[in-house]
Amino acid sequence: MAELVFFERWVHFLAGITWIGLLYYFNFVQVPAMAAALADKEGPGPAAIGKYVAPRALLWFRWAAVVTWIAGAGLLHKNFVAAFTFQEGFESIGMGAWLGTIMLFNVWVLIWPNQKKVLGMVEASADQIAKAKRTALLASRTNTMLSIPMLYIMASHTHRSEERRVGKECRSRW
């Protein structure tokens, strides 16, 4: 059992690094780079980013989100409901689980469908593309802001006094 928990934790951690790393890449590197490439009338433009980099990065981004969430749910195990209903002793990890769930929703329901329009993977009018850009950007920026408390909760979990008062069962799963 200890090996399974170790494996779940490691998968959750690695997938989370991939997911949040790509989230930060999109917000702090790719979006400004695309704007600069569009503004540079003498340069090569953003076509290579949009055709080769963005689709591959989005593939890793959305599936890292799924793996992170599933591995996190596995770590919660029989405490899944306790965490999601903020029962005593599970308030912090429950908040982290809810933040991760909201972020997963944003990836699959708001960001990915709209990015497909922006990147020309599905047919869309110029107006639909403009709206899709805005929706995807706002959802991505929201996830960036939500990632800050979510990462804090995830990283600080083993350093809280709350964990010590919950009991051995909670500690053994985390």
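**His157 and the helices around it**

In this predicted model, His157 sits in the loop that joins helix 5 to helix 6 (161-166).

Biologist: Is His157 buried or exposed?

Modeller: A residue counts as buried when its relative accessible area is under 20%. For His157 the computed relative accessible area is 4%, so this loop residue is buried.

Biologist: What distance separates the C-alpha atoms of His157 and Ile93?

Modeller: Along the chain, His157 and Ile93 are 64 residues apart. In space, however, the separation of their C-alpha atoms comes to 7.4 Å.

Biologist: How is helix 4 oriented relative to helix 5, roughly parallel or roughly antiparallel?

Modeller: Helix 4 (residues 91-118) packs on helix 5 (residues 126-156) at an angle of about 160°, and their axes lie 8 Å apart. Because angles over 145 degrees count as roughly antiparallel, helix 4 is, relative to helix 5, roughly antiparallel.

Biologist: How many nonpolar residues are in the contact of helix 4 with helix 5?

Modeller: Helix 4 passes helix 5 in a left-handed crossing. Sorted by class, the contact of these two helices has two charged residues and eleven polar ones, while its nonpolar residues number 17.

Biologist: What span should helix 2 have, and where does a kink lie in helix 2?

Modeller: With 30 residues at 1.5 Å a residue, helix 2 (residues 47-76) should span 44 Å, which agrees with the 43 Å between its end C-alpha atoms. A kink of about 40° nevertheless lies in helix 2, shortly before the proline Pro55, at Val53. The values asked for are thus an expected span of 44 Å and a kink at Val53.

Methods:
Residues are numbered from 1 along each chain as its sequence is written. This is a predicted model: local features need pLDDT of at least 70, side-chain atom pairs count only at pLDDT 80 or more; totals for chains, interfaces and linings use all residues. Side-chain values use heavy atoms; hydrogens and water are left out. Axes are lines fitted to C-alpha atoms, for helices over the stretch in contact, and angles run from 0 to 180 degrees between N-to-C directions. Helices (H or I, at least four residues) and strands (E, at least two) are DSSP runs, numbered from the N terminus. Angles under 35 degrees count as roughly parallel, over 145 as roughly antiparallel, 65 to 115 as roughly perpendicular and the rest as oblique. A crossing is left-handed if the near helix is turned anticlockwise from the far one by less than a right angle, and right-handed if clockwise. Ala, Val, Leu, Ile, Met, Phe, Trp, Tyr, Cys and Pro count as nonpolar, Asp, Glu, Lys and Arg as charged, and the others, Gly among them, as polar. The expected span of a helix is 1.5 Å times one less than its number of residues. The bend at a residue is the angle between axes fitted to the seven residues ending there and the seven starting there. Buried means under 20% relative accessible area, exposed over 50%, partly exposed in between (1.4 Å probe, protein chains only).
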